[in-house]
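Colleague: I would like to go through the assignments in this model and hear what each one rests on. Please set the values against the criteria.

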Amino acid sequence: MVAKFTAHSKWKLPLLALALSSGVSGAALAQEKLKIGIMVTLSGPSAVLGGQARDGFNLAVKTLGGKLGGVDAEVIVVDDELKPDVAVGKVKGLLERDGVQFVVGPIFSNVLQAIHKPVTESNAFLISPNAGTSNFAGAQCHPNFYVTSYQNDQNHEVLGKYAQDKGFKKLFLMAPNYQAGKDSLAGVKRHFKGEVVSEVYTPLGQLDFSAELAQIAAAKPDAVFAFMPGGMGVNLVRQYRQAGLANIPFLSAFTVDESTLPAQKEAAVGFFGGANWAPDMKNPQTEAFVKAYEAAYNSVPGTYAMQAYDAALLIDAAVKSAGGKVSDKNAVRAGLKKADFKSLRGNFKMGINGYPIQDFYLVQAVARPDGKFATSLRDKVFSNYVDVYAKDCKPAN
Amino acid sequence: MSLTLLYVQTLNGLQLGVLLFLIAAGLTLVFGVMDFINLAHGVQYMIGAYLAAMFTAMTGNFFLGLALALPSALAFGLLLEFLVFRHLYDRDHLDQVLATFGIILALNQGVKVIWGAAPLSVPIPDSLTGAIVLMPGLLYPVWRLVIIGSGLAVAVLLGLLVTKTRIGMLVRAGATNAPMVSALGVDIGKLFMIVFGFGAMLAGFAGAMVAPILSVEPGMGDNLLILTFVVIVIGGIGSVRGAFIAAILVGLVDTLGRSFGPTLLKAVMDPAAASQTGRALAPMLIYILMAAVLFFRPAGLFPAKK
């Protein structure tokens, strides 16, 4: 009790000072301060994804000299623990206690559903570096919500389109049995018109795929499509290779990427994915980014890092176009819509719904000469691709 | 549905069953002999996998890694027993559940601090990679056969140990009536410790053996723990023989149900509804099995005699 009291009283003075100064200085401050809250998943098995996003964003801020749009940027990182209820509590802390003007996050769609309303309604901007659900792309689009990644369906559509273009007749589909898994297979089937020999849904978190692999061997499809994020993907890919199925093309989304390749290693080489970028994209900004990221964090950046890096560049461009006046929401919003920055993926425009219009590629896992593993660009599958929900978005302003 | 597919899936079911047995053997003894609910048993499996991954990376050889991982898993189990579990034997079940659940959280976070959150992988030993042709058209990965073989070998050894040796006799006696064994002058504390350490090592062995096919990641034991509890409840708490039969049964029902359930249902309803129902039904099958077993034999298939 005594300790508690002293700890408490220790804070009283600074708090008082803070209260006084903020009351006085609000009008007097000439230079505005930019506060950004990063909310990503940093614990649990998916912590690698959030870690990449955090590192990508921080790298951009560091590269820009600690300023975004010429204003000193303070970045506060919080972990959403992949729990929507926890995320709501923490995002309210960011908005009300820390007074952030931007929230960058999250990684997962279920967290996005939870924090979208608290952030956008408090008149702060929400920039998602990964999750891009269909509802916010369509009828529920919001002028304070922007996405630097993709609409969730699009990466899956890439593989469906590729399978169709390639002339595959029989496709074997598998995904975990939850909403994103069902959306994924729907996305594939939007463009694939051949026969789906089997559509297997596995329990979320299943790690041994021996039963499904035996079914694939028996069905003899022309190709397999799998959506198995995280640890599930690591296991599936290695077991697929071990079962001697690697002669059947393996198409996937969020299953073979820079977050899973360090564990999949040789087993994934030659397997396909769909993405909006890969670390070997030929443009000077990507080359510089990949080099700096690998030097700083000793791992190959994936799309998670790239999209967060672009989120920082987007904020930089928006604040710059508002002349550094972060409090002028309308000017910042106009800047966000214009998205006048050099994206790592080259071709990038902000769509009417705040989701990007960009190119999508087939990527393939390769072993690099330095012994690390990465995805590598193959065919361009979609150009300037607008998501299918954008037509339902009627922007308010 | 071909015969080959049936064989492959039976092997897959057997492999899952053997794996479940390795974990369940320790759990059923700990539960049966000590009347101690150890939710942290799945963590021992995870620790075994991490130790195997670490030692394999250090020595460059899986078998050396395994040889080092087993005693380390044993030592770690004994350490946990000494530090935590020993103080919980006389407490009620709720305290045990709370404390061992806390250990799950602490150790899952602990391995993340030491080895990082990204999944680790262990290469299959070179001599045992690839797949062999068991019969025309039936290709099966060698490593999975190794898991089945070593699991069955452990089962036989454990059976002999429990039925033919003095320590096995004490363990069986302890499972039936621990206070009486203690009254006859047996140091029951020491017996508990041996059982506990041994159970931890078996779970660790299971983790080490699957490390080459599954990714090694924090929380990997949590899903299996529930299946393991299903196994020991079906088998009868405290019975190693029951755990073995039940583990194989659960492994087969789960694997075969997942792959053939929808096909069988197609015979009685239209394909779309069948695949929908099959998908929903497959994960439930083992729980339906458990309910059925408990309905006819409330103490499980082979209950330890009280």
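**Helix packing, chain contact and domains**

Modeller: Helix 8 of chain B passes helix 9 of chain B in a right-handed crossing. The model is a predicted one.

Colleague: What makes helix 8 of chain B oblique to helix 9 of chain B?

Modeller: Their axes come within 8 Å and cross at roughly 125°. Angles from 65 to 115 degrees count as roughly perpendicular and those over 145 as roughly antiparallel. The angle of roughly 125° belongs to neither class, so helix 8 of chain B is oblique to helix 9 of chain B.

Colleague: Which residues of helix 8 of chain B and helix 9 of chain B meet?

Modeller: Helix 8 of chain B brings B:Leu227, B:Val230, B:Val231, B:Ile232, B:Ile234 and B:Gly235. They meet B:Gly242, B:Ala243, B:Ile245, B:Ala246, B:Ala247, B:Leu249 and B:Val250 of helix 9 of chain B. By class, this contact has 11 nonpolar, two polar and no charged residues.

Colleague: Why are two residues of the contact of helix 8 of chain B with helix 9 of chain B put down as polar?

Modeller: Gly counts as polar in this scheme, and B:Gly235 and B:Gly242 are among the residues that meet.

Colleague: How do you know that helix 2 of chain B is oblique to helix 8 of chain B?

Modeller: The axes of helix 2 (residues 41-59) and helix 8 of chain B cross at roughly 135° and come within 8 Å. Roughly antiparallel would need an angle over 145 degrees, so helix 2 of chain B is classed as oblique to helix 8 of chain B. The crossing of helix 2 of chain B with helix 8 of chain B is right-handed.

Colleague: What does the contact of helix 2 of chain B with helix 8 of chain B consist of?

Modeller: B:His41, B:Gly42, B:Val43, B:Tyr45, B:Met46 and B:Ala49 of helix 2 of chain B meet B:Met220, B:Gly221, B:Asp222, B:Leu224, B:Leu225 and B:Thr228 of helix 8 of chain B. The division is seven nonpolar, four polar and one charged. Asp counts as charged, and B:Asp222 is in the list.

Colleague: Why are helix 8 of chain B and helix 11 of chain B called roughly parallel?

Modeller: Helix 8 and helix 11 (residues 285-296) of chain B pack at an angle of about 25°, with their axes 9 Å apart. Angles under 35 degrees count as roughly parallel, and therefore these two helices of chain B fall in that class. Helix 8 of chain B passes helix 11 of chain B in a left-handed crossing.

Colleague: Which residues make the contact of helix 8 of chain B with helix 11 of chain B?

Modeller: From helix 8 of chain B come B:Val230, B:Val233 and B:Ile234, and from helix 11 of chain B come B:Ile286, B:Leu289, B:Met290 and B:Val293. By class there are seven nonpolar, no polar and no charged residues.

Colleague: What makes chain B as compact as a globular protein of its length?

Modeller: Chain B has 11 helices and two strands. Its radius of gyration is 20 Å, and the globule rule gives 19 Å for 306 residues; the two are close, so chain B is as compact as a globular protein of that length. Its C-alpha atoms fill a box of roughly 65 × 50 × 35 Å along the principal axes.

Colleague: How many residues does each chain bring to the contact of chain B with chain A?

Modeller: Chain B brings 28 and chain A brings 25. Helix 1 of chain B gives the most to the side of chain B that touches chain A, with six residues. That side divides into 15 nonpolar, 10 polar and three charged residues.

Colleague: How is chain A divided, and how far apart are the centres of its domains?

Modeller: Domain 1 of chain A covers 32-150 + 283-357, and domain 2 covers 153-275. Their centres are 29 Å apart over C-alpha atoms. In the contact, 14 residues of domain 1 of chain A meet 11 residues of domain 2 of chain A. Helix 2 of chain A supplies the largest share of the domain 1 side, three residues. That side has seven nonpolar, seven polar and no charged residues.

Colleague: What makes A:Leu82 stand out in its backbone?

Modeller: A:Leu82 has a positive phi of about 60° although it is not a glycine. A:Leu82 sits in the loop between strand 3 (71-79) and helix 3 (84-98) of chain A.

Colleague: Where is there a cis peptide bond?

Modeller: It joins A:Gly105 and A:Pro106, with omega about -5°. A:Pro106 is in the loop between strand 4 (102-104) and helix 4 (109-121) of chain A.

How values were computed:
Residues are numbered from 1 along each chain as its sequence is written. Chains are lettered from A and ligands numbered from 1 in the order in which they are written. This is a predicted model: local features need pLDDT of at least 70, side-chain atom pairs count only at pLDDT 80 or more; totals for chains, interfaces and linings use all residues. Domain bounds come from an automatic or database domain assignment. Two residues are in contact if their C-beta atoms, placed from the backbone, lie within 7 Å. Helices (H or I, at least four residues) and strands (E, at least two) are DSSP runs, numbered from the N terminus. Axes are lines fitted to C-alpha atoms, for helices over the stretch in contact, and angles run from 0 to 180 degrees between N-to-C directions. A crossing is left-handed if the near helix is turned anticlockwise from the far one by less than a right angle, and right-handed if clockwise. The radius of gyration is taken over C-alpha atoms; the globule rule is 2.2 Å times the number of residues to the power 0.38.
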